[in-house]
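These are my notebook entries on a structure that I looked up. I began with one point and worked outward from there.

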Amino acid sequence: MDSRSIAVSMRGITKTFGATVANDDVSLDIYKGEILSLLGENGSGKTTLMNMLSGIYFPDSGQISINGQPVTISSPREAFEHGIGMIHQHFKLVDVFTAAENIVLGLEEKGKLDLKRAAARIREICDAYGFDVDPQQKIYDMSVSQKQTVEIVKVLYRGADILILDEPTAVLTPQETEKLFAVLRNMRRDGKTVVIITHKLHEVEEISDRVAVLRKGRYIGEMKTSETNAQEMTNMMVGREVTLNINRPEPKDVRPRIRVEHLTVRSEDKVLKLDDVSFTAFGGEILGIAGISGCGQKELLESIAGLQPVESGEISYLHDDGSAESLLGKDPQEIARLGVSLSFVPEDRLGMGLVGSMDLTDNMMLRSFRRGSSVFADRRGPQRLAERVVRELEVNTPGISTPVRRLSGGNVQKVLVGREIASAPTVLLSAYAVRGLDINSSYVIYDLLNQQKRKGVAVVYVGEDLDVLLELCDRILVLCGGKVSGIVDGPGADKSTVGLMMTRLGGEK
Amino acid sequence: MTKKSREPLIHITKRKEMSWQGAWAIRLICIAAALMVCAVITTAATGLAPASVFGGVLNGAFGSPRKIWVLGKESAVLLCIAVAMAPSFRMRFWNLGGEGQVIIGTLITSALMIYLGDKIPNAVLIAMCLVGSVAAGAVWAGVPAFFKARWNTNETLFTLMMNYVAIQLVAYFIIIWESPRGSGKVGIINQSTSAGWLPSIGPFKYLLNILVVLLVTVLMYIYLQYSKQGYEIAVVGESQSTARYVGIKVDRVIIRTLLISGGVCGLCGFLMVAGTDHTITTTLAGGRGFLGVLVAWLAQFNPLAMVLVSLLLCVLSRGAGEISTSFGLNQSFCDILTGVILFFIIASEFFIHYQLHFRKGEKKEASHV
């Protein structure tokens, strides 16, 4: 390692946001021509640290050096001048522009705008690294993976030698991830330096040369990827011994709970979102829903929860005595009035499941505030519930009167899931329940879902991490473009088969 | 490296939660700074001693029992309108129609007083005026709310335009009702009989209005803070999709809340005509429908804080009137002073939420103030 030269050196970097210390005296070296994984739980300060490198934030104290030269980076433009480019989790592209227009946007080149020359250079870059980008294609026509590619090319076009990717695989299918990794390896061969922020351990093992671990804003250590393993990395990240196996208790006493028949749903602008979807969810099992994002998962859950107008088909709730109750055309309150206890952990936690500016108590109240005949809302019950959720799920919060927006992603999710299971549901719908959560919080959520399953709840788990779906779920329904591509049994399911089913109906080649 | 860029001169960072004592300390410092700037401007522009000008302001507001009563009456009107705005603003429904909702209330009250005065018992007349003007205000706000809930029309424009409809209606009826003929004014309604006039508590003719408005303020605070409906308003304001997710009927909440908002404005119109002014003009609300919006914002939609803010604004405007006459200063000069003070009050909120870090000479710096 000593033979290689240091591309970036960060020394004693500290950054605070109000009372929160995001980075505390972090020192980190990044070598030329390596792929470094920056590993850490949520809120461990990975993104903040890299944002300081790319000029989004400015450190409170500490020194950054590039190629041995001390520098100050106070804007993204200055970061580019130093050859640093970052690909953010949320893409920053103009939808109605073409790839080429987005790539040259903001560049101050002499002379008039020459899109042809730009397109030629973009093709050169694409050929060199194995990208697949059509410079003339509009962004709104692109898949998530293509948009990401445009972002990467944009950074390379500006001559970046040091690329930072913030959780690049969160939005990709396994096949797309493979393609991305191939490109990253080509860049390494070309002498570029790549930093990838992630908390998926198998990806760290697959792609990176070296791992650096942060925990609670502090730098914990680094090691060669080849000399470590998932267990050791997890322990460093979490700070204690963690078991990495997801439990899958044998389903018992399963009984049909939700029956969906020939469900067809169109979005507001008449785009077909679900096409003739039929399945049954059983009490006492976890039904996984797999699919590339935007394949109708959201519409499926929202139709069951009474939030999405349905074009045709039938959704019924099956009582213990076998009688069926149609949920179609009923809003959440009407469904609750039927005596159907249906809980829903939506994808958009702060935009739909919770109210960000309200405190824990008031958020607990969302489900219960109508209770009783008084005109005044009862805050005592929700307050006790908030205290219980904080205690039992180990929510890290200054108190129950803190606005939930201030909590970290994992804690927000614990509050939401805690509230949803507090009503002793018979159906629990969850969308991307562990998205953005660190290992520790993810396992808490898996445990909670398993607990509900043991209680006989019909759990529907929409997920994006195939490894987790395969380990956690009893059955997996694969969606592809709004259609059911197939339903497979969880135990014994094959990852690549499911991956193919996600991209092609039925998974045929 | 071609040029070495430097650390930026000022960083702005978000503060951690601030104690209320700290927040009030910042507010007081800002007001003190505002007065200082006002003093400098006064001396520079007029050559007068700032102390005497400030004294003039206080004198204008509190100089005699009568002045204090007028101050109370004016503050009550402003407070009532601001309180009316509170529920709609909490719901993030930008109701700019306070002016029209008040005016339509004055119109209904005047109409009932003119047409039914002495024809029915006084108590019945007053009750009818009250109900009628509250209902009229509610309708004036309810129509834009219905369109918003049904077709998602822009509430700002809609409520704003309703103001002009109300003003034109009043202008039309003033011509019909004018007395004496040719004056273009309505004059005091039922001057001889006092029919429809609110009774005064002892010799204090403004006291009833003030008490009613304070009662409404407290009720509104309780409604917003503790009732189920108040909670629904807050949820709808923060996130309509969360509201739908828990089964709150957003359309219904929007309409219901605006009926309340408009109703309180209508009540304000009733109090002005039946309680104090006993006449109607197109300028009876006099822009206070809009000033109420400012009060509501400065008080951060908290009805209790609105009491202080509306009092402050009325002191400033009454004081401004005083110094413009006693020192021969232009009314615009007073507006400048009011503007400076408001500017500093708004700025204080910035300093409560954010913190500035200045670049220091040394490398090692204590980054906390």
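**Entry 1. Contact between two domains of chain A**

I noted first that the model is a predicted one. I looked up how domain 2 of chain A meets domain 3 of chain A, and found 13 residues of domain 2 in contact with nine residues of domain 3. Helix H15 (residues 439-454) of chain A gives the most to the domain 2 side, with five residues. I then sorted the residues of that side of domain 2 by class: eight are nonpolar, four are polar and one is charged. The centres of domain 2 and domain 3 of chain A, taken over C-alpha atoms, lie 25 Å apart. For the bounds I used the domain assignment of chain A, which gives domain 1 as 6-238, domain 2 as 255-341 + 424-507 and domain 3 as 355-423.

**Entry 2. Chain A as a whole**

I recorded 17 helices and 20 strands in chain A. The radius of gyration of chain A is 24 Å, and the globule rule gives 23 Å for 509 residues; the two values are close, so chain A is as compact as a globular protein of that length. Along the principal axes, the C-alpha atoms of chain A fill a box of roughly 75 × 50 × 45 Å. Of the 509 residues in chain A, 47% are buried. I also looked at contacts in chain A between residues at least 6 apart in sequence: 67% of these join residues at least 24 apart.

**Entry 3. Helix H4 of chain A**

I checked the length of helix H4 (residues 115-129) of chain A. At 1.5 Å a residue, its 15 residues should span 21 Å, and its end C-alpha atoms are indeed 21 Å apart. Which residues of H4(A) are buried? I found A:Ala119, A:Ile122 and A:Tyr129 to be buried. Seen down the axis of H4(A), the buried residues fall within an arc of 100 degrees, so they line one face of the helix. For background I noted that an α-helix has 3.6 residues a turn, so residues three or four places apart point the same way. The buried residues of H4(A) pack against helix H3 (99-104), helix H5 (144-157) and helix H6 (174-189) of chain A. On the other side of H4(A), the exposed residues are A:Lys116, A:Ala120, A:Glu124, A:Asp127 and A:Ala128. A:Gly130 follows H4(A) and has a positive phi, near 85 degrees.

**Entry 4. Backbone angles that I marked**

I kept in mind that most residues other than glycine have a negative phi, and that most peptide bonds are trans. A:Glu167 has a phi near 40 degrees, a positive value in a residue other than glycine. I located A:Glu167 in the loop between strand E7 (162-166) and H6 of chain A. A:Glu167 counts as partly exposed, with 18 C-beta neighbours inside 10 Å.

In chain B, I marked B:Ser194, a residue other than glycine whose phi is positive, near 60 degrees. B:Ser194 lies in the loop between H6 and H7 of chain B. With 15 other C-beta atoms within 10 Å, B:Ser194 is partly exposed. B:Pro180 is found in the loop between H6 and helix H7 (207-226) of chain B. What kind of peptide bond joins B:Ser179 and B:Pro180? I found a cis peptide bond, with omega about -5 degrees.

**Entry 5. Two helices of chain B**

I turned to helix H11 (residues 288-298) of chain B, in which B:Arg288, B:Gly289, B:Leu291, B:Gly292, B:Val295, B:Ala296 and B:Leu298 are buried. The helices against which the buried residues of H11(B) pack include helix H3 (65-90), helix H4 (98-116) and helix H12 (303-326) of chain B. Just after H11(B), B:Gln300 has a positive phi of about 50 degrees.

In helix H10 (residues 250-277) of chain B, I looked up B:Gly266. B:Gly266 is buried, with 32 other C-beta atoms within 10 Å. Leaving aside neighbours within four places in sequence, B:Gly266 is in contact with several residues, among them B:Gln101, B:Ile104, B:Ser133 and B:Ala138. B:Phe351 is 85 residues from B:Gly266 in sequence, and their C-alpha atoms are 37 Å apart.

**Entry 6. Contact between the chains**

Last, I looked up the contact between the chains, which takes 31 residues from chain A and 24 residues from chain B. On the chain B side, strand E1 (10-14), helix H8 (228-238) and helix H9 (240-245) each supply at least two residues. By class, the side of chain B that touches chain A has nine polar, eight charged and seven nonpolar residues.

Terms used: Residues are numbered from 1 along each chain as its sequence is written. Chains are lettered from A and ligands numbered from 1 in the order in which they are written. This is a predicted model: local features need pLDDT of at least 70, side-chain atom pairs count only at pLDDT 80 or more; totals for chains, interfaces and linings use all residues. Helices (H or I, at least four residues) and strands (E, at least two) are DSSP runs, numbered from the N terminus. The expected span of a helix is 1.5 Å times one less than its number of residues. A residue is buried if 20 or more other C-beta atoms lie within 10 Å of its own, exposed if 12 or fewer, and partly exposed in between; C-beta atoms are placed from the backbone. The arc is that of the directions from the helix axis to the C-beta atoms. Two residues are in contact if their C-beta atoms, placed from the backbone, lie within 7 Å. The radius of gyration is taken over C-alpha atoms; the globule rule is 2.2 Å times the number of residues to the power 0.38. Ala, Val, Leu, Ile, Met, Phe, Trp, Tyr, Cys and Pro count as nonpolar, Asp, Glu, Lys and Arg as charged, and the others, Gly among them, as polar. Domain bounds come from an automatic or database domain assignment.
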